[in-house]
Amino acid sequence: MRLINRQKHTALIHSMCACLGSRVLFFRLIVVSCFVPLFSACDNTVSHTSMTLDSNAYYAVYQKSPTDKWRVISYNDTRYGLKTVTFTLEDDTTPYTLVFVCPSNRGDNPHEIFVYYATAKEMDLVDFKCRRANEDIIKKPVYGKVEGVSIVDSKNSLGEIAYIALSKDVSLNAHEGYAAIVQSGRRDAVAYKGKQKENGLDAIEPEEFYIERGVLLALTTNPQAVDIDFSGKKNGVYVGKFATGVSSSVEIFGLGDNESVRSKLGFLSGKKSYLELKESAATNFSFVDVPLTLAAEDATLEESNFHPGEGHELIVDVFDENGSEIKKFTKLFTIPENKKHAIRLPTELSDKTTTKLNNVGNLQEIVFNWKAYQSNEMAAELYRWQFIGIAAPYNEDEKPDVDVNQVKWSVYVTKGWLDHMSETTGSYTLKLPTDFNVVVNDSLGDPIYVWRKEWGFRESTPIEWEMGAITISAEGRSNDVVEYLMNRNFNKSYSFSQANIRGSTQP
């Protein structure tokens, strides 16, 4: 959803005001008397916010305000075609709601429902896409030569080695050649090479960085060749040298006595190829930055510049003594900030959270309550709830092609929405509806209820839940965090922290 602009609607009474210039005093007095209400509006404006929403969801609806009716964006969109809808809010602080449904076509994957409670001031860009399960995307063998890598030299019997990333979850070491199975589509081939001191990724000393953006892997299962050439002879490729003897550092503060930490830092390309640069279980470590530069504002985007949507991704996971993740810190940046990254971990989320289940017919309503979260003098700007449970039985006259047993709801709630809706300061209660039904008319004008019952939770069944309280640096907004969490996209440097709590509620 994008914030288009603010339209100022001002009463136009210029012609009336011109009439007041009449030389006839009696007529002037009559005009002034008749149009005093309009005349008083000369300096008043009514400001509205126009919103545009792009979605390919099977089912999508929105509510312009908590008292407004639900309005349909799409339903039964079996081809997942992109639809655009524009609607107007009173202003950028008006609380609105968006709902998207991505039904599962596999019995082992749940139906997924996404609910956004927000204001335009916090979230003005939500381009929501339903995605196919990984199992349903065409995969293909990809292979190629690796050139410009010396296998052995006089000083190092192991020689050089290349570390290659072809997607967010496919990476490997290679000498003269490689082979991998990769999902088809547009991909970035990203790599670095360096001296190999011993077996393993951490033993590679990066010397040169490599990126070929937008490689098209045809939508077939046929093998395809993609060479990695550090010699710089291949067109459309950037190769740059890492700075010799220069590294950036990370120092982590706020780790508890019974907590452990695991950090991963890597380069994330625009097409979501992830090239890991460092992994560490220490509270301080160093790493080398990719040798890309920022383009000047008036410069043409060159191959050597950072492209929109790519950069360094630093993730710090914190675990309790039982191995459960309880905190997370994420920092996204292009070039290093003073070559030093001081990370202050969020405080632990208290257990003052309750959920209650109410049967509504053969569906289940969820009511959840929690306290406002604050960490390191920063208030949470976003709360992310996830609920997983048993899907309600479908209507017999609407039998789906695949009987799916589970349903998962992801609910995003911004602080601005809560501030408008909460009656108690510092304490929030939200009742999640059993459905978001919209009635539409078919070609004959007969009503159609387009919400499916199996997208809700079955009565008298347990619910597994998780809440994350998210604080955001001054450079970011809730909009940026949701876009990253949903799509792993980012186009600015900022950081956010998340404290988690999990539980199970019985009926």
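**Exercise 1. Find the residue in β35 that is the bridge partner of T330, then work out how β35 sits among its neighbours.**

*Solution.* Keep in mind that this is a predicted model.

Step 1. Look across from T330: its bridge partner in β35 is F496.

Step 2. Now zoom out to the strands. β23 (residues 325-333) and β35 run antiparallel, joined by 6 bridges.

Step 3. Check for another neighbour. β34 (residues 463-472) also runs antiparallel to β35, with 10 bridges between them. Within this pairing, M467 has I501 of β35 as its bridge partner.

Step 4. See how covered the strand is. Of the 12 residues in β35, 10 are buried, so we can call the strand mostly covered.

**Exercise 2. Decide whether helix α5 is largely enclosed or not, and say what follows the helix.**

*Solution.*

Step 1. Pick out the buried residues of α5, using under 20% relative accessible area as the cut-off. You should get S478, N479, D480, V481, V482, E483, Y484 and N487.

Step 2. Put that against the helix length. α5 spans residues 478-487, and 8 of its 10 residues are buried, so the rest of the structure largely encloses this helix.

Step 3. Step off the end of the helix. There you meet R488, with a positive phi near 60°. R488 belongs to the loop between α5 and β35 (494-505).

**Exercise 3. Two residues that are not glycine have a positive phi: R488 and E377. Is each one buried, partly exposed or exposed?**

*Solution.*

Step 1. Start with R488, whose phi is about 60°. Its relative accessible area is 22%, so R488 counts as partly exposed.

Step 2. Move on to E377, where phi is near 65°. This residue is in the loop between β27 (374-375) and β28 (378-379).

Step 3. Apply the cut-off for exposed, which is over 50%. E377 has a relative accessible area of 76%, so E377 is exposed.

**Exercise 4. Work out the handedness of the disulfide between C102 and C130, and say where its two cysteines lie.**

*Solution.*

Step 1. Count first: the structure has 1 disulfide. The sulfur atoms of C102 and C130 are 2.0 Å apart, which is within the 2.5 Å cut-off.

Step 2. Read the torsion about the S-S bond. For C102 and C130 it is about -90°, so this disulfide is left-handed.

Step 3. Place the ends. The pair links distant parts of the chain, 28 residues apart: C102 is in strand β6 (residues 96-102), while C130 is in the loop between β8 (127-128) and β9 (139-147).

Step 4. Check burial. C102 is buried, at 10% relative accessible area, and C130 is buried too, at 11%.

Terms used
Residues numbered from 1 in each chain as written. Predicted model: local features only at pLDDT ≥ 70, side-chain atom pairs only at ≥ 80, totals over all residues. Heavy atoms only, no water. Buried < 20%, exposed > 50% of the residue type's maximum accessible area, 1.4 Å probe, protein only. Helix = DSSP H or I, 4+ residues; strand = E, 2+ residues; numbered from the N terminus. Pairing = 2+ DSSP bridges.
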